[in-house]
Amino acid sequence: QQSASMVKQLEARSYVEPKSVGVVLPMSGPYSSIGQQALKGIQLALGISGTTNKYNLRLHIVDTKDSPEEASRAIESLILKDHVLAIIGGLTSKTASAEATKAQELGAPFIALSN
């Protein structure tokens with residue numbers, strides 16, 4: 001059963017949407033204002049503003065609620081269900097480690113915003 005699960009994960013990971021990027025940030029809770037600011041910065045950096053999408057990228061934004069468990073589930077979902085090319089997140093030290101660990105476990109590029 002465990003082998004079948006691993007094979008399913010590998011198959012899901014082998015397909016990637018080349019223009020999809022995952023974003024995991026605290027969009028609710030005590031750090032929501034920082035999450036909103038970080039999202040605006042990410043959108044600006046990726047050329048997404050209003051109706052302009054310079055590189056025709058699709059952002060998959062997930063609220064971590066500043067919870068390591070939510071963050072880990074979000075990473076897994078972004079990789080296995082949304083087939084994102086890479087993930088940007090790890091805004092708070094509370095969630096960054098869980099996010100980086102899950103992304104590495106599933107073999108996805110992860111850009112951490114936390115120091």
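Which exposed residues does the face of helix 4 turned away from its buried side carry? That face carries Ser93, Gln104 and Glu105. The views below show a predicted model, in which local features need pLDDT of at least 70 and side-chain atom pairs count only at pLDDT 80 or more, while totals for chains, interfaces and linings use all residues. Residues are numbered from 1 along each chain as its sequence is written, and side-chain values use heavy atoms, with hydrogens and water left out.

**View 1. Helix 4 (93–105) and its buried face.** Helices (H or I, at least four residues) and strands (E, at least two) are DSSP runs, numbered from the N terminus. Helix 4 has 13 residues and reaches 19 Å from its first C-alpha to its last, close to the 18 Å expected at 1.5 Å a residue; the expected span is 1.5 Å times one less than the number of residues. Thr95, Ala96, Glu99, Lys102 and Ala103 are the buried residues of helix 4 (buried means under 20% relative accessible area, exposed over 50%, partly exposed in between, with a 1.4 Å probe and protein chains only). These residues fall within an arc of 145° seen down the axis of helix 4, so they line one face of the helix; the arc is that of the directions from the helix axis to the C-beta atoms. Strand 1, helix 3, strand 5 and strand 6 are among the elements that cover the buried residues of helix 4. Glycine 107, just after helix 4, takes a positive phi of about 75°.

**View 2. The crossing of helix 3 and helix 4.** The two axes come within 8 Å and cross at roughly 30°. Axes are lines fitted to C-alpha atoms, for helices over the stretch in contact, and angles run from 0 to 180 degrees between N-to-C directions. The crossing makes helix 3 roughly parallel to helix 4 (angles under 35 degrees count as roughly parallel, over 145 as roughly antiparallel, 65 to 115 as roughly perpendicular and the rest as oblique). Helix 3 contributes Pro68, Ala71, Ser72, Ile75, Glu76 and Ile79 to the contact, and helix 4 contributes Lys94, Thr95, Ala98, Glu99, Lys102 and Ala103; contact means heavy atoms within 4.5 Å.

**View 3. Helix 3 (68–80) and its surroundings.** The 13 residues of helix 3 should span 18 Å at 1.5 Å a residue, and the end C-alpha atoms are 18 Å apart, which agrees. Buried in helix 3 are Ala71, Ser72, Ala74, Ile75, Leu78, Ile79 and Leu80. They pack against helix 1 (2–14), strand 1, strand 4, strand 5, helix 4 and strand 6.

**View 4. The loops on either side of helix 3.** Lysine 65 and aspartate 66 are found in the loop between strand 4 and helix 3. Phi of lysine 65 is near 55°, a positive value in a residue other than glycine, and phi of aspartate 66 is also near 55°. Lysine 65 counts as partly exposed, at 47% relative accessibility, whereas aspartate 66 counts as buried, at 8%. Histidine 83 has its place in the loop between helix 3 and strand 5, and is buried with a relative accessible area of 16%. Leaving aside neighbours within four places in sequence, histidine 83 is in contact with Ala12, Tyr15, Val16, Glu17 and Leu78.

**View 5. Helix 2 (residues 32–45) and its two sides.** The 14 residues of helix 2 should span 20 Å at 1.5 Å a residue, and the end C-alpha atoms are 20 Å apart, which agrees. Gly35, Ala38, Leu39 and Ile42 are the buried residues of helix 2. They cover an arc of only 105° around the axis, which puts them on the same side of helix 2. On the other side of helix 2, Gln37, Lys40 and Leu44 are exposed. The cover over the buried residues of helix 2 includes strand 1 (20–25), strand 4 (58–63) and strand 5 (86–89). Glycine 47, just after helix 2, takes a positive phi of about 75°.

**View 6. Serine 114 in the segment after strand 6.** Leaving aside neighbours within four places in sequence, serine 114 is in contact with Gly89, Gly90, Leu91, Thr92, Ser93 and Ala96. Serine 114 and glutamate 17 are 97 residues apart in sequence and 26 Å apart in space, C-alpha to C-alpha.
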